[in-house]
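Thanks for coming. I have one structure to go through today, and I will keep to what can be computed from it.

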Amino acid sequence: KEASLQEDNVSVPKMPSFDYSPPPYNGPSVDEILAKRKDYLSPSLLHSYKKPLNVVDGKMQYLFDDEGRRYVDAFGGIATVCCGHCHPDVVDAIVKQTKRLQHSTVLYLNSAIADFAEALASKLPGDLKVVFLTNSGTEANELAIMMSRLYTGCQDIISLRNGYHGNAAATMGATGQSIWKYNVVQSGVHHALNPDPYRGVFGSDGEKYAKDVQDLIDFGTSGNVAAFISETIQGVGGIVELAPGYLPAVYGSIRNAGGICIADEVQSGFARTGSHFWGFESQGVVPDIVTMAKSIGNGIPLGAVVTTAKIAEVLTRRSYFNTFGGNPVCTAAGLAVLRVIEKENLQENALLVGSYLKDRLMAMKNKYEIIGDVRGRGLMLGVELVTDHQEKTPAKAETLHVMDQMKELGVLIGKGGFYGNVFRITPPLCFTKEDADFTVDSMDYVMSRM
Ligand code: PLP
């Protein structure tokens with residue numbers, strides 16, 4: 001079954017064919033799930049569609065609902081599913097490891113964990129070789145920030161306005177959007193101007209924004225800092241690619257102030273940007289700590305901090321461990337992910353299909369006044385909707401409407417940005433040109449009827 005908005009069958013976009021039928025679903029209805037959710041799940045959890053979607057199966061770049069309808073998952077989970085939903089190699093690795101040993105503790109040796117750490121370290125440049133495994137991106141960034149404070153003996157952290165780093169104390173502090181912050185103690189963070197080529201005050205001039213970081217060091221700290229942390233393409237913040245030349249200049253200032261540089265690759269890592277395996281490589285810098293999660297386990301809870309032996313040394317000052325971080329089932333999945341990315345040339349595919357998709361979206365921008373900006377790299381793309389180009393007034397309601405209608409046609413995309421007016425397109429890296437066409441044609445179909 002295909003999802004469709006069947007009112008004008010002449011031009012309804014057609015989903016690429018796919019040879020898989022999910023087993024019949026005999027579980028509870030949408031209303032029963034909603035009732036349970038209301039009674040038993042945190043009220044902070046939101047679902048984005050007017051008519052809620054009950055997703056019961058996933059295969060590669062597609063999801064299936066409780067009626068067997070297929071959807072192109074152009075959000076890729078939440079930029080988490082890099083190899084594709086239930087990729088057979090990842091599933092096999094998980095099943096094999098689960099049958100053999102489901103859990104191990106730091107007290108014993110286990111090759112699933114050591115092999116993964118070795119393979120992961122081999123993907124990083126320079127002296128970045130020591131891996132600490134966590135369960136999430138938040139935990140990875142919390143640890144990175146703590147290590148920077150221990151290593152430098154300073155407390156001051158510089159991060160970016162509009163960045164997102166997690167939902168615990170230090171990471172919520174480093175996050176630069178009020179919508180994700182609660183009023184609890186998150187001290188020691190200074191938020192620099194966002195080097196956002198579309199909305200930022202200096203346009204695409206990376207060096208001018210970098211001067212703001214030097215100013216923060218000079219006027220807001222003792223002259224010494226612990227760290228600078230940033231994404232290279234902001235994900236939650238609405239796919240904002242940092243202005244060119246920004247990171248090299250900032251890394252220079254931070255290191256002069258005795259600080260270390262943390263690259264948050266939770267969304268932009270693992271070949272997603274197509275041109276490189278890691279987002280930071282596009283700016284020609286080598287960080288001192290790299291944090292990652294999401295794609296690392298194809299959606300399985302896993303995160304990591306990778307740093308140098310010298311910085312990792314700080315963790316020997318006290319006892320430090322994590323019960324589930326580095327669970328062998330998760331690391332078996334992680335190892336399979338690295339192999340699939342290589343075996344299936346997913347980085348190359350992200351580049352090819354991503355460039356094609358971006359070109360098609362740019363053409364849409366010329367067609368529809370409501371599209372203010374199209375940006376991003378590889379299969380990490382953003383489309384910002386505005387009601388007028390001069391003021392860049394966020395078209396929030398229109399964004400929700402297009403998302404909702406695209407879902408009815410069979411395409412799931414994400415939404416983000418501080419104003420909630422940016423589509424986030426971060427599909428599994430096995431996305432095809434036909435999937436890209438279907439995604440853009442569906443957006444076109446909806447926009448042409450607004
Ligand atoms: N860093 C970035 C760039 C993220 O996008 C996210 C989550 O969206 C996090 C950190 C936090 O990761 P998690 O939700 O796994 O804790």
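I will take the ligand shell, then two residues of one helix, then some strands, then a helix lying on a sheet.

One thing before the details: this is a predicted model.

Start with the ligand. It is surrounded by 14 residues. The closest are S136, G137, T138, G166 and V266. By class, the shell holds four nonpolar residues, eight polar ones and two charged ones. Which helix gives the most to this shell? Helix α5, residues 137–152, with three residues.

Next, two positions in that helix. G137 lies in α5, and, as I said, G137 is among the residues closest to the ligand. Is G137 buried or exposed? G137 is buried, because 26 C-beta neighbours lie inside 10 Å, and the cut-off for buried is 20 or more. If we leave out residues within four places in sequence, the contacts of G137 are G166, V266, T291, A293, K294 and G303. Two of these, G166 and V266, are also listed among the residues closest to the ligand. For a distance along the chain against a distance in space, take G137 and L302: they are 165 residues apart in sequence, and their C-alpha atoms are separated by 8.0 Å.

The second position is L143, also in α5. L143 counts as buried because it has 24 C-beta neighbours inside 10 Å. Setting aside residues up to four places away in sequence, L143 touches F132, T134 and V305. As for L143 and G417, these two are 274 residues apart in sequence, and from C-alpha to C-alpha they are 26 Å apart.

Now the strands. T291, a contact of G137, belongs to strand β11, residues 289–292. In β11, I289 and T291 point one way, V290 and M292 point the other way, and all of them are buried. What does β11 pair with? On one hand there is β10, residues 260–264, which runs parallel to β11 and is joined to it by three bridges. A263 has V290 of β11 as its bridge partner. On the other hand there is β12, residues 303–307, which is antiparallel to β11, with four bridges. Here I289 is partnered by T307 of β12. V305, which touches L143, falls within the residue range of β12.

Last, a sheet and the helix on it. The sheet is open and has four strands, in the order β13-β14-β17-β16, with antiparallel pairing. Why is one side of β13 and of β16 left without a neighbour in the sheet? Both strands stand at the edges, and each has a single partner strand, so there is nothing in the sheet on the remaining side. From one strand to the next, the twist averages 25°. Between β13 and β14 there are six bridges, and D373 stands opposite E384 in β14.

Helix α11 lies across β13 and β14, at about 170° to β13. This helix covers residues 346–367, and its 22 residues should span 32 Å at 1.5 Å a residue; the end C-alpha atoms are 31 Å apart, so the two values agree. Its buried residues include L346, L351, V353, L357 and L361. The buried residues of α11 pack against β13 and β14, and also against the helices α10 and α13.

That is what I have; comments are welcome.

Terms used: Residues numbered from 1 in each chain as written. Predicted model: local features only at pLDDT ≥ 70, side-chain atom pairs only at ≥ 80, totals over all residues. Buried ≥ 20, exposed ≤ 12 C-beta atoms within 10 Å, placed from the backbone. Helix = DSSP H or I, 4+ residues; strand = E, 2+ residues; numbered from the N terminus. Pairing = 2+ DSSP bridges. Near = placed C-beta within 6 Å. Nonpolar A, V, L, I, M, F, W, Y, C, P; charged D, E, K, R; others polar. Contact = placed C-beta atoms within 7 Å. Expected span 1.5 Å × (residues − 1). Axes fitted to C-alpha atoms, helices over the stretch in contact; angles between N-to-C directions.
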